[in-house]
Amino acid sequence: METALAKTPEKRQVAFLVMLLLVWACGCETITYSVPEETESGYFVANLAKDLGLRVGELAIRSARIHYKGNKQLLQLDVKTGNLLLCEKLDREVLCGATEPCLLHFQVLLEDPVQIFQADLHLTDVNDHSPEFPEREMLLKIPESAQPGTVFALKTAQDLDIGSNTVQNYTLSPNLHFHVVTYNRGEGRKYPELILDQALDREEQAELSLTLTALDGGAPPRSGTATVRIEVVDSNDNAPEFSQSLYEAQVPENSPLDAVVVIVSARDLDAGLYGSVTYALLQGDGVSQPFVIDKMTGEISLKRTLDFEVTPYYSMEIVATDGGALSGKCTVAIQVLDVNDNAPELTMSSLKNFIPENSPETVVAIFSVSDADSGDNGKMICSISNHLPFLLKSTFENFYTLVTERALDREERDEYNITITVTDLGTPRLQTQHSLRVQVSDVNDNAPEFSQSSYTLRVRENNSPALHIGTIRATDRDAGSNAQLSYSLLPGPQPGPDAAALLSIHADSGQLFALRALDYEALQAFEVRVRATDQGSPALSSQALVRVQVLDANDNSPFVLYPLQNASAPVTELLPRAAEPGYLLSKVVAVDRDSGQNAWLSFQLLKATEPGLFGVGPHNGEVRTARPLSERDAPRHRLLLLVRDNGEPPRSASVTLHVLLVEGFSQSYLPLPDAPPQRAPPDRLTAYLVVALAAVSSLFLLSLLLFVALRLCRRRSGPGSLGGGSLPEPHFPGHLVDVSGAGTLSQSYQYEVCLQGGSGDSGLNFLKPVLPNLPPQDSGVETVNSALFRNNFGFS
């Protein structure tokens, strides 16, 4: 069958007469095997592997199989042994009819690489059918005037066998008047004719009954019989004669029923009853005729539909008989014209529904196409859609392979629906479509992918152990086990703490958990790498950087650096009474180990001995005077300050500051409270200072005692004891109180000597009497106040 090649913008169409591909080799010689019909199933036909020159094991490796039109299983191939066996009994008459030779075409398909071998199974005929006449009795009317040698046509017997097994001879039962002669029609068909040997006499014998026997050429021969009944009628001078001995006609196979195909005509020169002619259709070439003849008009018409693909040609004998039983005959040859009434057929021989991705040119399917029509009606075009990555290639006599045009990518497209269209070139064009569903199987060619190369996770410190802090997920464009991911932790790129001691990751979900409580003050951030590995073979993996930031929690109270609160002696700040408002007395220095707003510190004066005298800066911790100092202000003050952070909830610390009001100073040497003063080695300067201090103190006390003694003596002696003269009374400062009769000085003096601790030498810091202004009181009250005064200032 011929194929044509055409291409449209939408489709790629492939059609070649015979084409051998460079990749696939096809067998060019046809192997023919011969098997008698009606052979039992399982019959050994041949060893196919040996005939094809292949190793026995190669048939199984290359998936060898037998392909027959319509996918009928007539033959079976044992791929282990290479033997070709019959699947069932084969009837030549059913498979081939009258066609001779009866060849069943089949193909041997091999894969990897694709090879196609053409083979034929010749089904030989056996004599399994006896001849049969279309009618059990034939009636002949012969006039008694018929001369010896006159020929009379007889109906032929049918035998479905062919060759020598069909009808070879006809015999007639013994009689005195007739014998039968067997003639060859040219197509190998034999037909009988009855010949008159001796004139008939109606008065002697009006009717004869003879037996006609048809014999085939089989061994042993088979036979069939029919009765020939002869009626002797009165004289009839002329037999009917046809205008033509051969009538030829053509009829389309799609002609309707009762359509007139051809008209035959015969004449009889006699008059009256002997001149009237009737027509009859004798059985033709052994095929049941789809025609019928009008016995009066000679019109031959259709009685059933025609099929060019089954029988393209008919030949039949027409007999014209007059009223006197004389007859004449002619031959009618009818050719059936093919019309495009059969759509192409596609027979799939091999199909792969799954194709691995990334494979080069791969055979997807092997199929054959056929069309029962002939000529242009049987020429076909195969095509598929143009936008698909597949090609059709002709391989061997209407065999095609569907191959991939390029390597396929499952991630780009995982399934293709391919429609193969087979169109003939008849008018109108008929087509057949066959749909294939091809799935692209996955290959592990894609590594897992994270949505981003690095992730930042935040967790607040003091978290509970096994806290879920986040999820890291990767995706894999592959499918199945190639897309199943497992997660693991790797050390970070920078040296740092062991990731396995801090975090764990769920192997399947990628959830990250903190193994223990984190401390922001110890570790603010750390990095780890998360690796995602698929389950493919070989396994592919990728990594992502995870930075974990520990968020600060307000878990640390402020810590006061100055003034120190853990010293054995409190810190005392000196404040001159002449200080102006805003005078910087001291500065509270504090820190907070937290960060951010948790470390924002604010300062507040909670309690003071003299409210309103001091103030503290809320942000810098500077303690300053709020107003000028007065004589009424107490000489010693105690300030309680609060240092508070800005966390939630806020934390705080308090600090106590002692303030001593002084008249004035140049330098301060106060011992540090956090360490006891080291005992300095005595030196000469210190000794001089101590001696000088002792001398000055002694001199001052002595002067004071002399002054008191003189005053007492003056009171005792009175004014006259001084010789009647009056001495001017000396002027005493107003803050000195005269206590009459007491005999003691009511004023107290305080000397504060401050040694600078840790300096290695001592120095005099302040030496000045502090005389409080006390109103004159009686001696009892004076004594009590004086004692309180001494206690407040540290004297005993």
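1. A patch, as the word is used here, is made of residues with over 30% relative accessible area and no salt bridge, with nonpolar side chains joined within 5 Å. In this predicted model, F559, L561, Y562, V589 and V591 form a nonpolar surface patch of about 420 Å².

2. Two strands stand out in the make-up of this nonpolar patch: β42 (559-562) and β45 (589-591) each contribute at least two of its residues. The greatest share comes from β42, which supplies 3 residues.

3. V591, one of the patch residues, lies in strand β45. Its relative accessibility is 36%, so V591 is classed as partly exposed; that class lies between the limits of 20% for buried and 50% for exposed. The value also agrees with patch membership, because a patch residue must have over 30% relative accessible area.

4. As to the chain as a whole, 6 helices and 50 strands are assigned. Of its 796 residues, 40% are buried. The accessible surface amounts to about 42100 Å², and carbon and sulfur atoms account for 53% of that area.

5. The contacts in the chain may be described by separation in sequence. Where the two residues are at least 6 apart, 68% of the contacts join residues at least 24 apart.

6. D371 merits a separate remark. This residue is located in the loop between β27 (363-370) and β28 (380-385). Is D371 buried or exposed? Its relative accessibility is 2%, and D371 therefore counts as buried, the cut-off being under 20%. The D371 side chain also comes to 2.9 Å from the backbone nitrogen of D373.

7. The cysteines should be considered with the disulfide count in mind, which is 1 for this model. The bond links C96 with C102, at an S to S distance of 1.8 Å. The link is right-handed, with an angle of 65° about the S-S bond. Both C96 and C102 are buried.

8. Two further cysteines may be noted for their accessibility. C330 has a relative accessible area of 1% and is therefore buried. For C382 the figure is 0%, so C382 is buried as well.

9. In summary, the note contrasts two settings. On the surface, the nonpolar patch includes V591, a partly exposed residue. Among the buried residues are D371, the disulfide partners C96 and C102, and the cysteines C330 and C382.

Notes
Residues numbered from 1 in each chain as written. Predicted model: local features only at pLDDT ≥ 70, side-chain atom pairs only at ≥ 80, totals over all residues. Heavy atoms only, no water. Patch = residues over 30% accessible without salt bridge, like charges linked within 9 Å, V, L, I, M, F, W, Y side chains within 5 Å. Areas by Shrake-Rupley, 256 points an atom, 1.4 Å probe, with all protein chains shown as cover. Salt bridge = Lys/Arg side-chain N within 4 Å of Asp/Glu carboxyl O. Helix = DSSP H or I, 4+ residues; strand = E, 2+ residues; numbered from the N terminus. Buried < 20%, exposed > 50% of the residue type's maximum accessible area, 1.4 Å probe, protein only. Contact = heavy atoms within 4.5 Å. Polar contact = N/O pair within 3.5 Å; in protein donor to acceptor, adjacent residues only side chain to side chain. Disulfide = S-S within 2.5 Å.
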